[in-house]
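Hi,

Here is the structure I said I would pass on. Have a look at it first, and my notes follow below.

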Amino acid sequence: MSEPNRPVRIRCSFCGKDSREARRMIAGPDGVHICDACVQLCREIVSDDPVEEDAATSRLDEMRPSAIRSYLDTHVIGQDRAKRVLSVAVYNHFKRLRDDAGSQDEIELSKGNILLIGPTGSGKTLMARTLARRLGVPFTITDATTLTEAGYVGEDVESIVKNLWLAAGKDAELAGRGIVCLDEVDKISRGGGAGNQMRDVGGEGVQQALLKVIESQMVSIPPEGSRNRPQQEFIQVDTRNVLFVCAGAFEGLHEIVERRLSSSAIGFGASAHRERMSRSELLRHVRAEDLIRFGLIPEFVGRLPVIVSFDELSEGELVEVLWKPRNALVRQYRRLFELENVKLRFHHEALEAIVAEALGRGSGARGLRAILEDVMLDVMYEVPGLGGVDECVITEECVRKVAKPILHHRDQAAS
């Protein structure tokens with residue numbers, strides 16, 4: 001007779017404990033088992049493991065000011081001083097987020113919202129967008145000229161937070177750590193900064209309304225549609241950790257700064273020195289009192305402690321804007337032509353001619369795309385229908401509309 005089958009005794013593969021001695025035994029592949037006591041022990045070991053802390057420390061090292069500056073250099077041309085100031089401000093904001101998440105200290109780090117001042121096309125909004133990408137947080141841009149006081153046609157200030165919530169994938173917690181760029185903020189000064197005596201529905205009243213959003217409060221936003229649906233459950237977004245970056249050209253602000261410096265400067269040669277100061281140099285001396293004279297209310301200025309002035313881009317810097325950054329326009333057009341198996345080349349004189357046209361229009365870097373689009377329109381229309389085109393060359397004459405781009409064909413190269 002064969003020996004009857006004996007019951008198989010299951011033991012923990014880690015501590016050897018019998019299944020009868022454990023409350024629960026978890027089975028794994030190939031006959032491996034682990035008891036509940038060993039599971040608890042592993043959990044305690046993992047919780048004490050410094051790997052998570054090391055990862056956070058490594059992340060903090062990646063966000064140090066010099067690393068942020070290096071990242072900005074690959075996307076934004078020039079503006080060395082602005083990059084340094086913004087790198088420090090964003091680094092401090094990142095440390096504030098970490099401290100707020102895990103600190104039990106009574107010391108509360110205040111939020112350092114940023115005000116960017118500079119001419120059109122100097123890279124203000126590009127810098128804000130690049131910083132948001134570096135931080136890996138939701139980002140939204142709102143034109144301040146579309147905002148009005150409650151009760152008037154236009155968008156109310158809560159729409160800013162709603163746009164950020166949408167950018168965060170409708171995650172209120174994630175939206176509470178995002179970045180908002182409020183562009184054309186100089187246009188909401190009292191009377192628009194031009195002494196307008198009409199009803200200021202988009203000026204001081206909007207500044208007052210923005211205080212609630214910027215000064216770290218819970219903001220209620222409707223998930224869908226308008227506020228005229230009382231049955232909707234409003235979404236609460238905490239803006240305490242939302243970084244606000246306000247930007248504007250502030251035309252005429254340098255004159256206010258110049259008058260203040262003129263009244264305070266004493267000594268021989270002081271007047272001659274002021275006359276040599278350019279607009280960019282004057283804007284580096286901007287103070288809160290100058291912004292108040294321009295038309296911003298003191299409470300609004302007080303919510304923007306970090307003031308960064310942008311310089312006007314030189315001709316050489318604008319040429320670099322065309323080809324040097326990672327997403328430069330020339331690189332983008334080259335890629336479009338590569339998809340047609342055509343090599344695209346620009347003469348340096350052509351790039352200089354494009355920049356000269358942008359400077360003539362006073363549009364800065366923002367106007368480069370429109371000029372380049374006009375230059376490239378005809379050739380981009382024709383090349384896909386032409387067979388055997390191997391290379392396209394853009395010359396200065398093409399930019400000035402006195403000649404067409406030079407097209408090289410494969411059969412010509414072979415002959």
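I started with a little open sheet: 3 strands in the order β10-β11-β12, with mixed pairing. The edges are taken by β10 (343-346) and β12 (406-409), each of which has a single partner strand, so one side of each is left without a neighbour in the sheet. From one strand to the next, the twist averages 20 degrees. Keep in mind that this is a predicted model.

Within that sheet, β11 (residues 389-394) and β12 run antiparallel and are joined by 4 bridges. If you want a spot to click on, Cys392 has Leu407 in β12 as its bridge partner.

Next, strand β3 (residues 114-117). Ile114 and Leu116 point one way from β3, Leu115 and Ile117 point the other way, and all of them are buried. That fits the usual pattern, as side chains in a regular strand alternate between the two faces of the sheet. β3 pairs in the parallel sense with β8 (residues 243-248) over 4 bridges, and Ile114 has Val245 in β8 as its bridge partner. With β9 (residues 306-309), β3 also pairs in the parallel sense over 4 bridges; here Leu116 stands opposite Val308.

Last, helix α9 (residues 253-264). Its 12 residues reach 17 Å from first C-alpha to last, close to the 16 Å expected. Which residues of α9 are buried? Leu253, His254, Ile256, Val257, Arg260 and Leu261. They cover an arc of only 160 degrees around the axis, which means they sit on the same side of α9. The face turned away from that buried side carries Arg259 and Ser263, which are exposed.

Cheers

Definitions and conventions
Residues are numbered from 1 along each chain as its sequence is written. This is a predicted model: local features need pLDDT of at least 70, side-chain atom pairs count only at pLDDT 80 or more; totals for chains, interfaces and linings use all residues. Side-chain values use heavy atoms; hydrogens and water are left out. Helices (H or I, at least four residues) and strands (E, at least two) are DSSP runs, numbered from the N terminus. The expected span of a helix is 1.5 Å times one less than its number of residues. Buried means under 20% relative accessible area, exposed over 50%, partly exposed in between (1.4 Å probe, protein chains only). The arc is that of the directions from the helix axis to the C-beta atoms. Two strands pair if DSSP finds at least two bridges between them. Axes are lines fitted to C-alpha atoms, for helices over the stretch in contact, and angles run from 0 to 180 degrees between N-to-C directions.
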